[in-house]
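The following exercises are to be worked with the sequence and the model at hand. Each task is followed by a solution in steps.

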Amino acid sequence: MIPVSWYLILSAVLFVLGVAGFLIKRNVITVFMSIELMLNAVNLSFVAFGYMLGDYNAHIFVFFVMVVAAAEAAVGLAIIMLMYHNRKSLNVDDIELLKF
Amino acid sequence: MLLTLVILLPAVSALALLTIPSSQPETIRRAGFAAALIVFMLSLGLLWQFESNAAGYQFESDLPWIGIPDIHFHLGIDGISLWLILLTTFLMPIALLASWGITERVKAFFCLFLLLETGMMGVFASLDLFLFYVFWEVSLVPMYFIIGVWGHGRRVYAAIKFFLFTMAGSTLMLVAIVWLYRAAHTFSVPALLAHRELFSGPEQGWLFLAFFVAFAIKVPMFPLHTWLPDAHTEAPTAGSVMLAAVMLKMGTYGMVRFCLPLFPEAAGRHAPWIIALALIGIVYGALVAMVQPNIKKLVAYSSVSHLGFVVLGVFAFNQIAMDGAVYQMLNHGISTGGLFLLVGMLYDRRHRFEIAEYGGLSTPMPIYTSFFLFVTLSSIGLPLLNGFVGEFLVLVGASQARFVYSIIAGTATILSAVYMLWMYQRVFLGENTNPANANLPDLSLREKTVAIPVMAMALIMGVASGWFFKPMEASTARVVKQTGVPAHVKNAAPATYEGGTR
Amino acid sequence: METTTPQLWILPALPLLGAAINGFFGKRQSRAFIGGVACSTVGLAFLYAVYLFFTAGVGDTPRIDYIAPWISAGSFHADFSLYLDPLSMLMTLVVTGVGFLIHVYATEYMAHEDGFYRFFCYLNLFMFFMLTLVLAGNYLLLFVGWEGVGLCSYLLIGFYYLKQSAIIAGKKAFVVNRIGDFGFTLAMLLIIGTAGSLDYGTVFKAFQNAPVENGVGAVTIICLLLMMGACGKSAQVPLYVWLPDAMEGPTPVSALIHAATMVTAGVYMVARSSHLFVKSPVAMEVVAVIGCITCIFAATIGLVQTDIKRVLAYSTVSQLGYMFLGCGVGAFSAGVFHLMTHAFFKALLFLGAGSVITAMHHEQEMGAMGGLRKKIPTTFMTMLLACLAISGIPPFAGFFSKDEILWSAWHNGHPWLWLGGSITAGMTAFYMFRLLFLTFFGEPRSDHAQHAHESPSTMTVPLICLAVLSVIGGWIGVPKALGGSAHFEHFLEPSLARVPVEFSAYARASGSDPIDIPRPNPEPAEPEEPGAERLFSLIAVVIGASGIGLAYYAYVVKPETGQKLSAQFHGAYRVLLNKYYVDELYEVLFLKSTTAVSREVLWHAVDETVIDGAANGVGSTARAMGGFARLMQSGFIRSYAAWVLFGAVGALFYMILQWAK
């Protein structure tokens, strides 16, 4: 039996990788993948806790998250496509229209 | 049901108006005008069915709206609300008819006005504090756009100023409303009135002030009045009319309906300085109006002065003054509304408001001149026209509270003659000085149709005031009774000789 | 007593009808039609008034015609109700009678003016308001007429609306009247507070029960405020300034409104309120003193004016002062008597002046006239009679009324006021005959004067009618001492209050009277000193005659005397010519300072700087704070992410800390 802490450590490592990728990488695709990584890190801890507590609600939440993530991926990729179309660049630092 | 119909019909017709394509502005104008006219006819039904001697609310309808918290769609009117609603419905078709010259975004303009009408009437008829607040804010939004989109020169500044001033007050009022709910677990006005002891402790003063400040900004009372000249000057004609004639009355109506009956002790305690502010406003508004170079600003400042009379009457705590105050609200609606309508007609011709731009207009426009003189006289309170009755009753009532109030307020009768006649003289009399004015056309049939009902109303209200007081007396008496007479005005009645009582 | 109530509403309704017809339809009608409507409505009103006089049994009890409710709020009620008693009967007769003659005159005088229909519409409207004023059954309705005649006066002074001086004069008249009306309004408020009503019946009854007031109390304040209103309307010091300027209006207007009727409304109101005034010795004293000051003051200005209408204007102010003097010394009926005779001869003087002005092609300066006696003989003759009347020469109308006022002043213990009034009588005779001699005697001093022609009969017939009235009008009030029977006083008796006995006791005790003369009880109707009264009449006649003689000497015998005198007393002459600089003083004191303070302090400083500054200050503070906070908004997604990270770490750290506790 693998103790739950291992899952949690793996989840934390994945999450931190995601955060680091989000902050460091400039390519939009990579940033986007980092977000997915964070989501899945959270999913992992959800499942682990759910298994530990014998509460299947957690699994249901995970499915929700996955569905939303898929939808988000579809919308996000479409945005990225358009962005590339308009700016000929995938560098996040080139997009600063939200600036004051 | 009739009341609900009258109040909601304008909003519904605004929605209906949306279905007319924008390419047919004339159809939109006619439909909008027709809707306002139908609402007016229906509101006459209210007057017809109104029980004159009953003090309570009539045409009441009470539907649950939101369960938690307990908010009701609760409407009902007494004699005071009745006249204010009629004032609204009477002036709305006139204001729309005066807006035939609007050519940009006609549909939006007419829709907003109809929405405004619903909002304002809702304010006068709400018997649920939350609903009152909703209508209060609903009426704010259309006016904001009317000033901001169709206004003149500095319209955006004026619109934002108007919005922020009013918003600042209504935020306070919202807090007070929530506080009242916490104390009494109801938003219903009759229920709150029946259980005044639930919030009669030390917090009463704060609650009173929160409501009062919201209303005082709307009135507007000195020194919270500076939004008014800007808003009036920049608003389109119909906007100025509705703003002056009806929206300002929302403030004084709020004082009569909520400030006095809900918080009588606090009202009595704060009355002296409120009256002082009202008196300052009366004199100050008149003096500043005297030196305005702009006709619309002059009329706006005169509103500050006239509404000072209303506040004075409300806070004199007696029946005569209260009657006078309510009557003065209606008078001001008619007189100042009429003035703005007429000034708007001048603007349509020359696109200027500066007095110096004009001079000797009586030569090219004799009919317009005589109309203007008539409305001017009604505004300065000439007997047999409407302004006199309200002003005089307020003075009588105020003199019974304290004679010095009437002395100070009475000076406004001199000053109003000075500023209005001086303006009239500079704009209309003498030789024509500006070649641009030499060939101005006199009033068209449409413009006469706009002005004549207002003038007729001014005369009727001056001669046959009994018709107007009759449905109102019971309601004002009830407000005065609910409020009671605070200690500091009780002993002011002068000595009476024997045989002097009727 | 009759049982039917007179239909009083017909009286004001007739001219109102005329005004409505001319106002709405007059523009397209012929002048004959307009003039016909205007004159016939007023004429009918006059006939109806005469009919009422003979049939309505005007006597001890007033007839009240209740028309409709007007205002009813709380405990306050005021109705449209008309009130007929001897006083209002008399006023109605004078107003409609003199008014009718002036209307007829005006159809000719104004025949060639633009806005003919407008003129008669206003004139009829004026008659409506004036009749409302005199017939009103309560103070509030009186106030309706009061303000209404003020409005018509405003409109008619500014009738030549292209002329700057005319429109400014109109506005001045209205505003100054409003100052008086302010006092009147306050008086009404106090009356309501004291008597609980504004109905004459209730008010008089309430005040009849009040004690005579020693010093200044409620009644005195009410009376003084009423007097303030009267000062505005009847052009008394210090509110007289509008009347001379009002001469900018057409001459018939000056005759009707600014001489015969409207300006006497103040006197009427004081007489109407006699039941109040007799309760306050102080107020009576003030009324008398104001009247006396005004009559001397205006007469001195009248001495040197050169514009024919201005002389008459100051003369009007001065004669109004007499009326107040009469009322103030307790002789209300004498005041009203003078009001009536003055209406006749002053209307005649103005209409005569109008005739002169027409003949002179609208030249009003007397310097350009002269020698008109032979050119316009009817005008001359009628004006001569009027001048004799106003100068107090028996048996003309002015003699009896003026004599009675002066006698009452002496008799009721006011020798100084008598002296003032007598001096004024001399000056009046002087300046009136100065006017007459400058205009009609000597050689013509201009081309217009050379070629003057008499006015047509539509103008001269009213002159003749008024001249007859100026001659015989005084005979109805011949005092008993002079062999008459004082009909007039008896007729008015039911309307006017008597000065109570305590009154003169008070006056004696307070020492207001420096000369100790026997002061019998004024109550008895029988004159106790016919000899003394006759003596005073003689003095008055001598004074008047010497004024005329002086004028004859200075302007006919030695025409250069006037110049010599004015050169010798140059300073005084300039002061008088410039009307004591009162207009200039008022302008600086009230107009300029008020507008300057309003503009610079109230509007620019308080409104725009302080209040708007505070409001804008709140706004800009909020903006500044926002401007600082928005620096966070860099636009870089990764910096936002970093903020989120910091925030999350911070939150975690906080939770751990909490947990550790």
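**Exercise 1.** Why does A:Arg87 count as exposed?

Solution. The model is a predicted one, in which local features need pLDDT of at least 70 and side-chain atom pairs count only at pLDDT 80 or more, while totals for chains, interfaces and linings use all residues. Residues are numbered from 1 along each chain as its sequence is written, and chains are lettered from A and ligands numbered from 1 in the order in which they are written.
- Step 1. Locate the residue: A:Arg87 lies in helix H3 (residues 57-87) of chain A. Helices (H or I, at least four residues) and strands (E, at least two) are DSSP runs, numbered from the N terminus.
- Step 2. Apply the rule: a residue is buried if 20 or more other C-beta atoms, placed from the backbone, lie within 10 Å of its own, exposed if 12 or fewer, and partly exposed in between.
- Step 3. Conclude: A:Arg87 counts as exposed because it has 11 C-beta neighbours inside 10 Å.
- Step 4. Add a distance: the C-alpha atoms of A:Arg87 and A:Asn40 are separated by 30 Å, with their places 47 residues apart along the chain.

**Exercise 2.** Describe the build of chain A.

Solution.
- Step 1. Chain A has three helices and zero strands, in the order α-α-α from the N terminus.
- Step 2. The radius of gyration, taken over C-alpha atoms, is compared with a globule rule of 2.2 Å times the number of residues to the power 0.38. Chain A has 17 Å, whereas a compact globule of 100 residues would be near 13 Å.
- Step 3. Along the principal axes, the C-alpha atoms of chain A fill a box of roughly 50 × 25 × 25 Å.
- Step 4. Of the 100 residues in chain A, 13% are buried.

**Exercise 3.** Which chains touch, and what forms the side of chain B that touches chain C?

Solution.
- Step 1. Two residues are in contact if their C-beta atoms, placed from the backbone, lie within 7 Å.
- Step 2. Two pairs of chains touch, and chains B and C share the most contacts: 49 residues of chain B meet 49 residues of chain C.
- Step 3. Among the elements that give two or more residues to this side of chain B are helix H11 (264-290) and helix H13 (319-350). H16(B) gives the most, with eleven residues.
- Step 4. This side of chain B divides into 26 nonpolar, 19 polar and four charged residues. Here Ala, Val, Leu, Ile, Met, Phe, Trp, Tyr, Cys and Pro count as nonpolar, Asp, Glu, Lys and Arg as charged, and the others, Gly among them, as polar.
- Step 5. Ten residues of chain C are in contact with ten residues of chain A; the side of chain C involved has five nonpolar, three polar and two charged residues.
- Step 6. Chains A and B do not touch, and their nearest C-alpha atoms are 22 Å apart.

**Exercise 4.** Which residues touch the most other members of the largest nonpolar core?

Solution.
- Step 1. A nonpolar core is a set of buried Ala, Val, Leu, Ile, Met, Phe, Trp, Tyr and Cys residues joined through C-beta atoms within 7 Å.
- Step 2. In the largest core, of 427 residues, they are B:Phe211, B:Cys259, B:Leu312, C:Val270 and C:Ala347. Helix H6 (residues 164-195) of chain C supplies the largest share, 18 residues.
- Step 3. Leaving aside residues up to four places away in sequence, C:Ala347 touches several residues, including C:Val98, C:Ile102 and C:Leu466.
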